[in-house]
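Good morning, colleagues. Please take a moment with the sequence and the model before I begin.

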Amino acid sequence: MAGLALSTSLPVPSAERLAADVEALARLTRPDRPYTRRAFSEEDRAARAWLAERMAEAGLEVHADAAANVIGRRPGRTAGPPLVIGSHLDTVQEGGRFDGIAGVLAGLEVARCLHAAGHRLAGPLEVIDFTCEEPSDFGLSTIGSRVMSGKLDAATATRLRDSSGRSLADALAAVGGRPDRLDEARRAPGAIARYLELHIEQSASLDQAGIPVGVVTAIAAPSRFRVTVRGRQDHAGGTAMAIRRDALAAAAELVLAVERIAREVGRAMVGTVGALDVRPNMVNIVPGEVTLLADFRGIEPAAIAETIGRFEATVADVETRRGVAIDVAPIVREEPLPIDADMVEHAAAAAEAVGVPYRRLTSGASHDANHVARLCPVGLLFVACRDGRSHCPEEWAEPAHLAAGTRVLLELLLRLDTARP
Ligand code: GLV
Ligand code: MN
Ligand code: MN
């Protein structure tokens with residue numbers, strides 16, 4: 001399958017340049033919150049401006065679409081649907097330097113290599129920084145790719161509010177979007193030729209095996225729930241244990257159930273309660289109301305359905321036993337995404353052609369690719385991530401591995417460009 005590398009006549013992606021870009025973006029965050037760049041923040045705006053400048057230097061035509069996705073475009077020899085390389089520059093709270101960032105910088109580096117060689121692709125290339133891939137204060141993640149794939153419209157963006165009452169539409173406008181014309185950012189199926197994303201693995205399999213690059217065969221997807229437990233607020237001293245309806249004690253059972261059920265179902269299922277809101281949250285009050293956010297992920301639809309079914313049964317049991325009322329509101333229920341065999345084979349062939357060791361694997365995290373898959377076939381490449389640590393400041397990928405992944409990405413892009421209909 002190896003064949004000759006098409007990218008040999010182009011400059012090789014540079015580990016030094018990628019490392020310098022990672023550090024430049026890291027420096028654009030606040031010293032008291034290193035690496036944190038929540039979507040719609042000042043740091044987000046600074047990173048977008050930085051990226052737009054770097055894209056222009058790489059010969060890309062830069063604009064933001066109505067969803068504030070930052071897009072750098074390189075025209076091809078002919079018009080037609082673009083090949084797109086994308087990911088995101090926003091991070092979780094207390095996040096790291098690579099999640100999403102690696103993919104945007106890899107796309108930028110690919111554009112630089114093409115620009116330096118004056119190499120015109122057969123068709124257009126777009127490099128995209130998607131708006132707000134991570135969970136936002138508006139209760140939704142992957143906002144830019146949702147809009148692009150037709151899953152989020154202007155009316156919803158106006159309706160969704162954060163705790164201060166600000167609308168998602170206003171937040172989009174503040175980072176350069178046009179929420180009143182959000183539909184203009186939508187693309188029709190087929191309007192993108194192929195979508196490619198490079199991402200750090202966020203698990204330890206590549207790192208443990210000493211392999212720099214992964215070719216992803218399927219992407220898990222989250223099912224998320226807002227669970228509100230209503231008990232009875234009472235005096236912590238005067239209320240006998242027998243008559244309590246403690247919302248936090250009931251919620252604690254659910255937290256443990258999420259963990260236990262995912263373990264018991266197995267088949268790569270994971271379950272997390274990552275956020276808890278306790279009211280009134282004082283030492284001498286039996287909690288009256290608790291909200292928790294639960295996140296289940298899996299690759300197999302049957303395993304996901306079994307997990308959610310068992311969780312709902314546990315909720316009913318806790319309600320009855322503890323005399324509390326529990327409301328389970330779905331936030332999102334995404335479908336896991338098998339990657340087209342064709343794209344997996346192209347990616348594997350690209351890695352072989354440029355001599356980069358790789359392994360096939362699945363993704364536990366979800367990505368903008370999950371949504372763009374509605375528009376075109378997608379490919380996902382992983383780069384080894386030290387100890388599998390991610391969504392934390394310790395997140396690290398070796399520059400040499402990033403460069404190796406970017407080399408594969410460039411080769412894959414050229415192969416897909418050559419294979420355009
Ligand atoms: C993205 O970070 C995810 O939660 O998978
Ligand atoms: Mn993330
Ligand atoms: Mn990510």
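I shall speak about the metal site first, and then about the packing of three helices.

Please bear in mind throughout that this is a predicted model.

Let me begin with the manganese ion that is ligand 3. Which protein atoms serve as its donors? They are NE2 of His88, an OD atom of Asp99 and NE2 of His199, and they lie 2.1 to 2.2 Å from the ion. Along the chain, these donors of ligand 3 follow the spacing H-x10-D-x99-H. His88 and Asp99 both lie in the loop between β3, residues 83-87, and α3, residues 101-117, so this pair ties together parts that are eleven residues apart in sequence. His88 and Asp99 are both buried.

I turn now to the other manganese ion, ligand 2. Its coordination comes from Asp99 through OD, Glu134 through OE and His391 through NE2, at 2.0 to 2.1 Å. The spacing of these donors along the chain is D-x34-E-x256-H. Glu134 sits in the loop between β4, residues 125-129, and α4, residues 143-148, while His391 sits in the loop between β15, residues 378-383, and α12, residues 399-418; the pair therefore ties together parts that are 257 residues apart in sequence.

Is each of these two donors buried or exposed? Glu134 has a relative accessible area of 4%, and is therefore buried. His391 has a relative accessible area of 40%, so it counts as partly exposed.

What links the two ions? Asp99 coordinates both the manganese ion of ligand 2 and that of ligand 3, and the ions are 3.6 Å apart.

Let me move to the helices. We have already met α3 and α12 as elements that flank donor loops: α3 borders the loop that holds His88 and Asp99, and α12 borders the loop that holds His391. How do the axes of α3 and α12 cross? They come within 9 Å and cross at roughly 60 degrees, which means that α3 is oblique to α12. The crossing is right-handed. On the α3 side, the contact is made by Ala102, Ala106, Gly107, Glu109, Val110, Cys113 and Leu114; on the α12 side, by Leu402, Thr406, Leu409, Leu410, Leu413 and Leu414. Sorted by class, the residues of this contact comprise ten nonpolar, two polar and one charged.

Helix α12 also meets α1. Here the axes come within 8 Å and cross at roughly 110 degrees, so α1 is roughly perpendicular to α12. The crossing of α1 and α12 is again a right-handed one. From α1, the residues Ala15, Leu18, Ala19 and Val22 meet Pro399, Ala400, Leu402, Ala403 and Thr406 of α12. This contact has eight nonpolar residues, one polar residue and no charged residues. Leu402 and Thr406 of α12 thus appear in the contact with α3 and in the contact with α1.

One residue of α1 deserves a separate remark. Asp21 belongs to this helix, which spans residues 15-27. Its relative accessibility is 6%, so Asp21 counts as buried. Which residues does Asp21 contact, leaving aside its neighbours within four places in sequence? They are Trp50, Leu105, Leu108 and Arg112.

To close, I return to the metal site: Asp99 bridges ligand 3 and ligand 2, and Asp99 is buried, as is His88. Thank you for your attention.

Methods: Residues numbered from 1 in each chain as written. Chains lettered and ligands numbered in written order. Predicted model: local features only at pLDDT ≥ 70, side-chain atom pairs only at ≥ 80, totals over all residues. Heavy atoms only, no water. Donors = N, O, S within 2.8 Å, 3.2 Å for Na, K, Ca; no water. Helix = DSSP H or I, 4+ residues; strand = E, 2+ residues; numbered from the N terminus. Buried < 20%, exposed > 50% of the residue type's maximum accessible area, 1.4 Å probe, protein only. Axes fitted to C-alpha atoms, helices over the stretch in contact; angles between N-to-C directions. Parallel < 35°, antiparallel > 145°, perpendicular 65-115°, else oblique. Left-handed = near helix turned anticlockwise from the far one by under 90°. Contact = heavy atoms within 4.5 Å. Nonpolar A, V, L, I, M, F, W, Y, C, P; charged D, E, K, R; others polar.
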